[in-house]
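This report describes how one helix is packed, and then turns to the overall fold, the backbone and the cysteines of the same model.

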Amino acid sequence: MKDKIIERLYLEKGFVSGEAISNEYGLSRTAIWKHVKALREDGYKIESRTKKGYRLVETPDNIEFNEMQEDLQTSIIGKEIFYYDSLESTNTKAKEIAFQTKEGALVVADEQTAGKGRLGRIWTSPKSKGIYMSVILKPDIDPVNVARLTLLGAAAINLAFADIGIESEIKWPNDVVINGKKVAGVLTEMNSELGIINYIVLGAGININVNLEEIPEDLKERATSLKIVKGEEIDRRELFIRLVSRIDELYTEFLTTGDIDRAIQICIDNSAVIGKEIVVYQGKEKRCGRAIEINKKGELLVQFDTGVENLFSGEISIRGKHGYI
Ligand code: BT5
């Protein structure tokens, strides 16, 4: 009965009166109240108002995503899924709950009201049009190696796209692009103390069924969506399952070998920058060079006038000499 009530509230997306629930399920008001109390203990946030009834505000683990768990054949990622209709940022929520969750827990939202890019930038996250998710990871590694996980995220997105027949390129370190326009981005954040990692949050944002007119004017030149590229709606659920499986696959390999060789190879084979003239932005500095390769550590080697330098992914942005790529 608890499930029926939550499903009813979930589908309504607004208030459902106690009377309606009582009539539909043959329950007394006291019985409804007891079920609502139990649901709240399960982590559902349910608002109750006199005369209006009950409204579901937040689900820890929404119905669709409950079913999704059954389809996920992963070993580490997605054993716990926290789903929200709307969040400021899945990365922020993941950081809030990281200490209470197991490695591999996922935070997913149908929209983000303050989605984050790197270096304080914004990630536009329109409702029901993309995947906005964060994975909580707790590997026993040196914090200096964390930046590599960004490449792992980008490689997983590239593989998941390929699984559904879409080719893409990776613009080191965290962009996935199609036809020279950005379709997905990765944001890795970390909490560590004295050289020990408490947790890492690996966030991924993908533009899936975003229409051209829904892309903000200032981004139209350099952003696109899978729907725009393919000319048809994409099954978000299928892509989500593929993506989580690919992250699981690459991350398991990382835990076993300590390296992300396969992810790096994917970033090299599908690189949007290797062999190209690029502009490197680092703080206020802006320099031109030629991207040569990505090494085993996930660093980008760039030939500048002054010599070759290894770039770490953290604080660096790259542009093509004549535009986004
Ligand atoms: C990124 O940053 O590309 C990282 C994006 C990570 C988003 C995910 S969504 C789930 C999780 N929770 C979060 O809060 N974030 C993560 P960066 O390389 O800094 O790129 C940001 C720049 O991309 C912006 O300054 C815009 O120019 C552009 N941009 C913003 N929204 C975009 C979109 N939806 N599609 C393409 N480009 C976008």
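In this predicted model, the buried residues of helix H5 are covered by surroundings that include five strands, namely E3 (81-84), E4 (106-109), E5 (130-137), E8 (181-193) and E9 (196-207). Helix H5 itself runs over residues 90-97, and its buried residues are Thr90, Asn91, Lys93, Ala94 and Ile97. These residues lie on the same side of H5, because the arc that they cover around the axis is only 160 degrees. In general terms, an α-helix has 3.6 residues a turn, so residues three or four places apart point the same way. At the N-terminal end, H5 is capped by Ser89, of which a side-chain oxygen lies 3.2 Å from the backbone nitrogen of Asn91, and Asn91 is also one of the buried residues of the helix.

The protein as a whole contains 9 helices and 14 strands. Its radius of gyration is 22 Å, close to the 20 Å that the globule rule gives for 325 residues, so the protein is as compact as a globular protein of that length. The C-alpha trace spans about 80 × 45 × 35 Å along its principal axes, and 50% of the 325 residues count as buried. Among contacts between residues at least 6 apart in sequence, 62% join residues at least 24 apart. The domain assignment divides the protein into domain 1 (2-58), domain 2 (81-269) and domain 3 (277-320), and the C-alpha centres of domain 1 and domain 2 lie 34 Å apart.

Two residues that are not glycines have a positive phi, and they are set out below.

| Residue | Phi | Loop | Relative accessibility |
|---|---|---|---|
| Lys51 | about 75 degrees | between E1 (45-49) and E2 (53-58) | 88% |
| Leu194 | about 45 degrees | between E8 and E9 | 87% |

Both E8 and E9, which flank the loop of Leu194, are included in what covers the buried residues of H5. A further backbone feature is the cis peptide bond that joins Trp172 and Pro173, with omega about 0 degrees; Pro173 lies in the loop between strand E6 (169-171) and strand E7 (175-178).

As for the cysteines, a search of the whole structure finds 0 disulfides. Cys267 counts as buried because its relative accessibility is 2%, whereas Cys288, at 44% relative accessibility, counts as partly exposed.

How values were computed
Residues numbered from 1 in each chain as written. Predicted model: local features only at pLDDT ≥ 70, side-chain atom pairs only at ≥ 80, totals over all residues. Heavy atoms only, no water. Disulfide = S-S within 2.5 Å. Buried < 20%, exposed > 50% of the residue type's maximum accessible area, 1.4 Å probe, protein only. Domains from an automatic or database assignment. Helix = DSSP H or I, 4+ residues; strand = E, 2+ residues; numbered from the N terminus. Arc of directions from axis to C-beta. Contact = heavy atoms within 4.5 Å. Polar contact = N/O pair within 3.5 Å; in protein donor to acceptor, adjacent residues only side chain to side chain. Rg over C-alpha atoms; globule rule 2.2 N^0.38 Å.
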